[in-house]
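Here's a quick tour of a two-part question: what holds the ligand, and how do the domains meet? Have a look at the model first.

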Amino acid sequence: MKILGLLCYCRAGYEQNLAQELEHATAAQGIFGYASVKLNTGAVYFQFYTPDELAHCEQKVRFVDLMFARQLVFVFAHLPQLNRTDRLTDFAEVLQGDEFGTFTSAVVEHADTEDGKTLAKFCRKFAVPLRQMLRAKGVLQNKTVKAKNSQQNIVGKCMHTFFVEGDHAYLGVSVPSNRSRFENGIYRLKFPPDAPSRSTLKLEEAIRYFLSPDEQQTLLAEHTTAVDLGACPGGWTYQLVQRKMQVEAVDNGAMDERLMATGLVDYFAADGFKYTPQYGKVNWLVCDMIEQPDKVANLMTHWLVNGLCEHTIFNLKLPMKQRFTAMQEALTHIEAKLQEQQMHYRIAAKHLYHNRDEVTVCIVTESM
Ligand SMILES: C[S@@+](CC[C@H](N)C(=O)[O-])C[C@H]1O[C@@H](n2cnc3c(N)ncnc32)[C@H](O)[C@@H]1O
């Protein structure tokens with residue numbers, strides 16, 4: 001299948017950062033093109049100078065490496081002037097020929113913006129006749145496939161239709177293990193009513209995004225230990241306590257009383273930059289202090305290389321401008337220090353759906 005470019009979704013206002021990241025990631029792989037950036041559109045299209053085969057570009061551009069992307073779609077058609085009275089005929093024309101094979105699933109999406117929200121109802125309705133047409137043409141599998149234990153529609157080789165407006169759409173494909181599993185790239189989570197702050201969803205999403213289900217079981221098992229820096233009122237500690245972990249919560253503010261009553265939390269009114277674990281090395285260091293990203297990155301590195309913690313999840317608060325550059329500098333610095341110590345580690349960073357102006361980083365180390 002010939003791919004014309006990449007379409008990535010992002011938080012509104014982050015288009016410039018995503019475009020910079022896409023240009024950097026593609027150039028590093030010898031793929032050249034240019035990004036079209038329109039502020040507050042919630043998406044960036046990076047058009048290749050020369051169309052490329054799906055199998056080729058899919059191996060080179062990886063969703064996990066794109067911090068600011070909520071979704072990664074390989075675009076095979078750009079339709080900027082659809083006939084509003086008969087869009088399906090325009091779509092059918094594009095899907096002539098046998099190069100598309102059979103899609104396992106098909107979704108109709110929109111940006112996570114105010115304009116996008118007005119398209120949401122239309123997208124839901126349009127998905128029904130679109131799927132019928134795709135099935136009739138033999139490009140969509142007959143049976144609706146849902147992922148196990150979930151309502152998600154993105155399964156197998158998925159065809160994405162992304163509407164910018166009612167008469168402007170991109171058609172593309174995403175492939176398993178190189179995308180978000182969620183429609184519109186949005187990982188919706190239900191706020192637990194007994195959690196002390198909405199921040200709890202940031203750590204919950206991070207845990208589910210960065211760790212496999214097996215890792216969640218083993219690395220965050222009952223009785224494992226953690227330090228939570230900048231813990232108050234306790235949204236992140238809540239996630240750890242839910243997993244029956246022992247937590248040292250560090251902050252000058254007040255912790256939620258119900259969390260303290262669990263007996264799993266020790267509270268320390270201390271400066272997170274000076275704190276050291278009270279009972280020896282912990283399994284996890286988590287940190288949500290709002291501080292300069294380089295200061296937090298240095299602190300996390302210090303804990304890892306000095307054996308104060310095994311793994312870490314933390315937020316880096318982004319500056320107003322040059323967010324991509326600031327993130328790159330922080331990550332490069334962390335990796336240089338870990339490599340100096342010959343540590344075996346995995347690092348990943350993502351601007352998660354529940355984040356605002358911060359990127360979450362996860363570092364999991366392996367003992368040799
Ligand atoms: C965004 S809030 C944390 C919210 C928390 N993760 C939750 O889920 O409820 C940031 C916290 O970091 C704390 N903080 C900022 N600088 C700190 C420092 N140097 N030492 C300890 N706590 C700090 C603040 O007091 C504030 O409670």
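## Around the ligand

In this predicted model, an N or O atom in the side chain of D251 sits 2.7 Å from an oxygen atom of the ligand. The backbone joins in too: a backbone N or O atom of G234 is 3.1 Å from a ligand oxygen, and for P233 a polar backbone atom lies 3.4 Å from an oxygen atom of the ligand. For reference, a polar contact is a pair of N or O atoms within 3.5 Å; within protein, one must be able to donate a hydrogen and the other to accept it, and residues adjacent in sequence count only if both atoms are side-chain atoms.

On its own the ligand has 600 Å² of accessible area (Shrake-Rupley method, 1.4 Å probe), and the protein covers 76% of that. The surrounding shell has 17 residues, with S197, G235, D251, G272 and D288 the closest; a residue is in if one of its heavy atoms lies within 4 Å. By class, the shell splits into eight nonpolar, six polar and three charged. Here Ala, Val, Leu, Ile, Met, Phe, Trp, Tyr, Cys and Pro are nonpolar, Asp, Glu, Lys and Arg are charged, and the others, Gly among them, are polar.

## Where the domains meet

The domain assignment (automatic or from a database) gives domain 1 as 2-185 and domain 2 as 200-366. Contact, meaning heavy atoms within 4.5 Å, takes in 15 residues from domain 1 and 17 from domain 2.

Together the two domains bury about 1,500 Å², 52% of it on carbon and sulfur atoms; that's accessible area (1.4 Å probe) lost on being put together, summed over both. On the domain 1 side, R11, Y14 and M67 lose the most, together 44% of what that side buries. Eight residue pairs are in polar contact across the interface (both at pLDDT 80 or more).

## Fine print

Residues are numbered from 1 along each chain as its sequence is written, and side-chain values use heavy atoms, leaving out hydrogens and water. As this is a predicted model, local features need pLDDT of at least 70 and side-chain atom pairs count only at pLDDT 80 or more, while totals for chains, interfaces and linings use all residues.
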